[in-house]
Amino acid sequence: MAPLTSTDASPISSTPETTMTTETLRTETLPTDTLPATATYDLDVTTTRELNAALQATEAPAAVTVTNPQGKHALACGLDRPIDVRIEGHVGYYAAGMNKHATVTVAGNAGVGVAENMMSGTVRVIGDASQSAGATAHGGLLVIEGNAAARCGISMKGVDIVVGGSIGHMSAFMGQAGRLVVLGDAGEALGDSLYETRIYVRGTVASLGADCVKKEMRPEHLEELRELLRAAGFDADPAEFTRYGSARGLYHFHVDNASAY
């Protein structure tokens, strides 16, 4: 990782015992017992590049608060250790992308592609999320307390996504693995060209996409859903949900199915 080049990236507040400066990050590897427990970065004075570099540094504190995000893009991306990041405000495109191990909370709304290609950890959006939330994500837990727009979970590959509100059209398109839980309604073409992603919806579904069908809710699915709801912090009865999955009719191309693709 390239060294930081501006003292603007130093946290504006930290624990009283230790103040971690950019110069410290540049020149020292601090023992973990001397690192500040928390720090705050103000994006009015710190650039996105400087913030992400500081969060990715092995010398970063255990918990960080980010203020004044003002819809900036690509915040808290590429984190690969168990750091706790809270962003106070709305974020732009691809916040918390490629997350690994970290816990990222957005206290606001999120733009396109929040938690895109996430591998592990937890990303929570306290507001609404724009389209393609959790796109191509391989693992971890994405919680959207509000609504999610079109293509939520597109090409998801193992992530668990729990949405407290409703989702837009073409959600879970080409979903390969993982679970998508929706406490509200789902838009048109849910699960189009689905592989093995499991979908649970409590409300109504406008329409199902190609090869997506309603499936029986067996005891193991009720238990799985109960655990997902608990992990996401929602109090809901799993018996109120309907399960959807792949009919497995389009796994391999056949000319007779050409119109269904």
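These legends describe close-up views of one predicted model.

**View 1. The whole chain.** The protein chain holds three helices and 12 strands. It has 261 residues, and 49% of them count as buried. The exposed surface of the protein chain comes to about 11500 Å². Carbon and sulfur atoms supply 51% of that area. Among contacts between residues at least 6 apart in sequence, 28% join residues at least 24 apart.

**View 2. The nonpolar cores.** In soluble globular proteins, nonpolar side chains tend to be buried together. Here the largest nonpolar core has 49 residues. Val85, Ile87, Val104, Ile167 and Leu180 touch the most other members. A second, separate core has 13 residues, including Leu141, Val143, Leu183 and Phe241.

**View 3. Ile87 and its contacts.** Ile87 is one of the residues that touch the most other members of the largest nonpolar core. Residues up to four places away in sequence are not counted in this view. Beyond them, Ile87 touches Val66, Pro69, Leu75 and Ala76. It also touches Val104, Thr105, Val106 and Ala107.

**View 4. Helix H3, its length and its buried face.** Helix H3 covers residues 219–232. At 1.5 Å a residue, its 14 residues should span 20 Å. The C-alpha atoms at its ends are 20 Å apart, which agrees. The buried residues of H3 are His221, Glu224, Leu225, Leu228, Leu229 and Ala232. Seen down the helix axis, they fall within an arc of 130 degrees, so they line one face of H3. Pro219 and Arg230, on the other side of H3, are exposed.

**View 5. What covers H3, and what follows it.** Several strands help to cover the buried residues of H3. Among them are S6 (122–125), S7 (141–144) and S8 (157–163). The cover also includes S9 (177–182), S10 (198–201) and S12 (242–246). Gly233 comes just after H3 and takes a positive phi of about 85 degrees.

**View 6. The tyrosine pair.** A pair of aromatic rings is described by the distance of the centres and the angle of the planes. The count for this model is one aromatic pair. Tyr93 and Tyr94 form that pair, and its geometry is edge-to-face. The ring centres are 6.2 Å apart, with 80 degrees between the planes. Tyr93 is partly exposed, at 43% relative accessibility. Tyr94 is partly exposed too, with a relative accessible area of 39%.

**View 7. Positive phi at Ala96 and Asn117.** Ala96 is not a glycine, although its phi is positive, about 60 degrees. Ala96 sits in the loop between strand S4 (84–88) and strand S5 (103–106). At 0% relative accessibility, Ala96 counts as buried. Asn117 is another residue other than glycine with a positive phi, near 60 degrees. Asn117 lies in the loop between S5 and S6.

**View 8. Arg243 in strand S12.** Arg243 belongs to strand S12. Its relative accessible area is 7%; under 20% counts as buried, so Arg243 is buried. Val201 lies 42 residues away along the chain, yet its C-alpha atom is 6.7 Å from that of Arg243. Leaving out residues up to four places away in sequence, Arg243 touches Arg198, Ile199 and Tyr200. Its contacts also include Val213, Lys214, Lys215, Glu216, Met217 and Arg218. Arg243 touches His221 as well, a buried residue of H3.

**View 9. Asp211 in a loop.** Asp211 is placed in the loop between S10 and strand S11 (212–215). Asp211 counts as buried, at 14% relative accessibility. Tyr195 is 16 residues from Asp211 in sequence. Their C-alpha atoms are 8.7 Å apart. Apart from residues up to four places away in sequence, Asp211 touches Leu194. It also touches Gly245, Ser246, Ala247, Arg248, Gly249 and Leu250.

**View 10. Ile161 in strand S8.** Ile161 is found in strand S8. At 0% relative accessibility, Ile161 counts as buried. Arg179 is 18 residues away in sequence and 6.3 Å away in space, C-alpha to C-alpha. Arg179 is also in contact with Ile161, as are Leu180 and Val181. Other contacts of Ile161 include Ala133, Gly134 and Leu142. Cys152, Gly153 and Met156 are in contact with Ile161 too. Neighbours of Ile161 within four places in sequence are left aside here.

How values were computed
Residues are numbered from 1 along each chain as its sequence is written. This is a predicted model: local features need pLDDT of at least 70, side-chain atom pairs count only at pLDDT 80 or more; totals for chains, interfaces and linings use all residues. Side-chain values use heavy atoms; hydrogens and water are left out. Helices (H or I, at least four residues) and strands (E, at least two) are DSSP runs, numbered from the N terminus. Buried means under 20% relative accessible area, exposed over 50%, partly exposed in between (1.4 Å probe, protein chains only). Contact means heavy atoms within 4.5 Å. Accessible areas come from the Shrake-Rupley method with a 1.4 Å probe; for residues, only the protein chains shown count as cover. A nonpolar core is a set of buried Ala, Val, Leu, Ile, Met, Phe, Trp, Tyr and Cys residues joined through side-chain atoms within 4.5 Å. The expected span of a helix is 1.5 Å times one less than its number of residues. The arc is that of the directions from the helix axis to the C-beta atoms. Rings of Phe, Tyr and Trp (its six-membered ring) pair if their centres lie within 6.5 Å; planes under 30 degrees apart count as stacked, over 60 as edge-to-face and the rest as tilted.
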